[in-house]
Amino acid sequence: MSAQKKRTFKIEAFKHRVELDPKYAERTWKVLEHAIHEIYNHNASGLSFEELYRNAYNMVLHKYGEKLYSGLVTTMSGHLKEIAKSIEDSQGGLFLEELDRKWGDHNKALQMIRDILMYMDRTFVPSNHKTPVHELGLNLWRDNIIHSGKIQTRLLDTLLDLIHRERTGEVINRSLMRNITKMLMDLGSSVYQEDFEKPFLEVSASFYSGESQQLIECCDCGEYLRKAERRLTEETERVSHYLDVKSEVKITSVVEGEMIANHMQRLVHMENSGLVNILVDDRYEDLSRMYNLFRRVPDGLSTVRDVMTSHLRETGKQLVSDPERLKDPVDFVQHLLDEKDKYDKIISKAFNNDKSFQNALNSSFEYFINLNNRSPEFISLYVDDKLRKGLKGVSEEDVEVVLDKVMMLFRYLQEKDVFEKYYKQHLAKRLLSGKTASDDAERSMIVKLKTECGYQFTSKLEGMFTDMKTSVDTMQGFYASQYSETGDGPTVAVQVLTTGSWPTQPSAPCNLPAEILGICDKFRTYYLGTHTGRRLTWQTNMGTADIKATFGKGQKHELNVSTYQMCILMLFNSADQLTYREIEQGTDIPAPDLKRCLQSLACVKGKNVLRKEPMSKDIAEDDAFYFNDKFTSKFIKVKIGTVAAQKESEPEKQETRQRVEEDRKPQIEAAIVRIMKSRRVLDHNTIVTEVTSQLQSRFLPNPVVIKKRIESLIEREFLERDKNDRKLYRYLA
């Protein structure tokens with residue numbers, strides 16, 4: 001069966017040509033033109049929008065789109081010219097109202113016209129690259145109204161005048177202003193910017209330049225900043241009420257530039273009210289305001305920070321070099337802590353805990369604390385004062401707060417090893433005299449030092465506590481073994497101190513009374529019998545004694561004195577009067593210590609158990625001393641010459657400094673050897689840098705000392721100089 005031939009179908013256009021009425025386009029356009037007139041004349045209620053839409057549709061369909069579009073442009077332009085004349089004729093304050101009303105009418109008319117010409121908008125406009133109807137209406141409004149010669153300048157002047165009046169305190173119609181500026185924004189960002197924003201910013205700059213100049217002449221710093229802050233707030237509010245949101249950054253930048261950036265230096269240095277005065281008076285509100293305003297401008301915060309740092313360093317420098325302050329170490333350190341607290345509070349409350357300000361504060365304190373080479377000693381004395389008596393009855397939390405503050409100052413010290421030396425001396429005196437207020441506080445301080453500087457820093461301090469505990473057990477063992485022999489004789493409480501842990505200095509033993517020597521010898525025999533390979537040396541300069549004394553009329557007192565003072569007083573059991581020379585020969589106490597002891601026994605009112613002739617504050621070698629049987633006191637127990645640790649005399653200070661320098665030598669050498677062992681070959685400058693870096697947590701080594709230690713290591717053949725380059729060192733394994 002053969003396949004049928006496939007048929008194809010074709011639809012052809014109707015052959016008969018439809019002839020349009022030649023006047024159709026003109027007639028239809030007249031209908032549409034009339035409708036546009038009626039819309040603009042507010043007579044749109046009688047129009048058939050469906051019929052009008054169909055007419056516009058047919059015109060486009062029959063290729064009369066161009067006629068329709070150009071007719072629309074001409075008709076709208078004509079109406080807008082009439083509207084422009086009406087706006088130009090409006091008087092005074094009615095100008096903006098008329099403009100706003102006509103703008104509203106134009107928008108409504110534009111909406112209706114766009115609805116009628118919707119088909120043209122969708123088809124003819126895109127294909128012929130024409131402007132859409134709504135946008136066309138806006139452009140025509142811009143060209144015929146806003147850019148009209150008589151309206152453009154008047155509009156700008158009116159807007160700027162209203163803003164000026166509002167700035168000077170008048171109330172204006174913000175709603176009307178918002179409508180007008182929104183109109184400019186609707187016409188395009190370039191219209192808003194060119195026709196309003198640029199001139200507005202220029203006028204604002206001029207206004208604030210003049211105002212800031214007036215204020216800076218008549219206001220103090222705090223008042224000026226308050227007014228500048230208020231102006232910034234006003235401008236921000238103005239933007240939110242009737243300007244473009246993008247204008248906020250621009251106008252606030254103008255205010256910041258004119259009112260703050262241009263007067264920064266004058267504000268911070270203003271006489272009697274500048275930053276220094278605000279800092280001194282703790283005016284947190286003004287400081288916070290300055291911080292928040294200055295942070296908005298370039299270099300603002302660095303200006304504040306530099307002035308604060310300069311003031312802080314100058315104040316600190318005066319504090320650490322004030323001779324009156326240096327007389328009282330505890331007061332000196334307390335002032336440092338108060339100053340630190342003050343600025344910590346300022347940075348926290350006013351400067352938003354700004355890290356750069358905290359760093360500036362830390363570097364300032366480190367700078368001026370280390371200007372005074374007695375700072376390590378004074379900080380140790382402060383701790384000594386607090387741990388002796390200053391923390392009694394204080395809660396553990398408060399104790400921790402005080403110790404943390406001290407540690408903060410300790411971190412600033414460059415010579416931490418000097419602090420360690422003094423701290424060890426003061427801790428030894430507290431432990432041996434039993435004057436420590438709290439063992440927990442003592443241990444807490446050592447833990448803090450250990451955390452900060454490592455085990456090596458505190459190992460000897462911990463050893464001192466261990467010795468005290470071991471001594472208690474030793475004494476219990478001694479008295480248990482001597483129970484039957486002690487009788488009514490004197491008793492001793494011996495603290496056995498490990499030589500390496502305690503800051504003991506070799507001292508010539510004084511002549512102890514025979515009664516004391518007996519029991520001391522018994523203790524020595526007991527101790528050496530229970531411990532082999534040890535040697536005991538009595539440190540009579542570090543002990544205390546309680547002795548019973550009977551004065552005139554049988555009055556009895558118990559005197560708490562040092563071991564040296566006990567030796568002096570016991571001589572008066574066999575004599576009523578002794579000369580200085582006789583006392584010196586009888587006790588063998590070193591002259592400086594002997595004079596101090598005699599001063600405290602004979603020259604201190606209320607403690608003068610001895611009488612001196614001639615009567616004077618100083619002790620002379622030809623003075624005579626008598627037992628003062630007229631001594632009276634309302635206390636049974638009388639403490640004599642137990643003076644809290646105070647700053648050293650000049651010779652003692654030199655001696656301590658010398659010991660510190662000696663202790664540093666092996667540390668510097670150890671650091672050099674460590675570095676050279678790992679690097680093998682290094683030049684001189686690199687070694688100095690590396691050694692300084694390794695040791696700066698304890699002290700800042702002097703490059704001259706480092707050089708001497710390198711020489712010493714070369715002599716002992718740990719290092720050698722390179723044969724070709726004298727500044728190069730090699731490690732010798």
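Helices here are DSSP runs of H or I with at least four residues, strands are E runs of at least two, and both are numbered from the N terminus. With that in hand, one helix to look at right away is α20, residues 375–390, which holds both D384 and R388, four residues apart, about one turn of the helix. We'll come back to that pair after a look at the whole chain.

A word on what you're looking at: this is a predicted model, in which local features need pLDDT of at least 70 and side-chain atom pairs count only at pLDDT 80 or more, while totals for chains, interfaces and linings use all residues. Residues are numbered from 1 along each chain as its sequence is written, and side-chain values use heavy atoms, with hydrogens and water left out.

Start with the overall picture. The protein has 31 helices and nine strands. Its C-alpha atoms fill a box of roughly 155 × 90 × 60 Å along the principal axes. The radius of gyration is 49 Å, whereas a compact globule of 733 residues would come in near 27 Å; that radius is taken over C-alpha atoms, and the globule rule is 2.2 Å times the number of residues to the power 0.38. As for burial, 44% of the 733 residues count as buried. Buried here means under 20% relative accessible area, exposed means over 50%, and partly exposed is what falls in between, with a 1.4 Å probe and protein chains only.

Now walk in from the N-terminal side. I39 sits in helix α1, residues 24–40, and counts as buried because its relative accessibility is 6%. From I39 to V125, 86 residues along the chain, the C-alpha atoms are separated by 22 Å. Just past that helix, in the loop between α1 and α2 (49–61), you reach H42. This residue has a positive phi of about 65° although it is not a glycine. Most residues other than glycine have a negative phi. H42 is exposed, since its relative accessible area is 56%. Step on into helix α2 and you find A56, which counts as buried because its relative accessibility is 3%. The C-alpha atoms of A56 and T75, 19 residues apart along the chain, are separated by 15 Å.

Further along, N272 also has a positive phi without being a glycine, at about 70°. Its place is in the loop between α13 (264–268) and α14 (275–280). With a relative accessible area of 63%, N272 counts as exposed.

Next, the charges. The structure holds 51 salt bridges, each one a side-chain nitrogen of Lys or Arg within 4 Å of a carboxyl oxygen of Asp or Glu. Back in α20, D384 and R388 form one of them, with the closest N and O atoms 3.0 Å apart. D384 is buried because its relative accessible area is 1%, and R388 is buried too, at 12%. Elsewhere, salt bridges that share partners join R226, E229, D281, R283, E285, D286 and R289 into one network.

Within that network, E229 pairs with R289, and the closest N and O atoms are 2.8 Å apart. This pair links distant parts of the chain, as E229 lies in helix α11 (residues 221–242) and R289 in helix α15 (residues 284–294), 60 residues apart. What about burial on each side? E229 is partly exposed because its relative accessible area is 32%, whereas R289, at 9%, counts as buried. Another bridge to find is E377 with R374, where the closest N and O atoms are 3.0 Å apart. Both of these residues, E377 and R374, are buried.

Finally, turn to the surface. E396, E397, D398, D439 and D440 form a negative surface patch. The elements that give two or more residues to this patch are α21 (396–412) and α23 (439–453), and α21 provides the largest share, three residues. Patches are built from residues with over 30% relative accessible area and no salt bridge, with like charges joined within 9 Å and nonpolar side chains (Val, Leu, Ile, Met, Phe, Trp, Tyr) within 5 Å. Asp and Glu count as negative, and their charges are placed at CG and CD. The areas come from the Shrake-Rupley method with a 1.4 Å probe. D398, in helix α21, is partly exposed because its relative accessibility is 41%.
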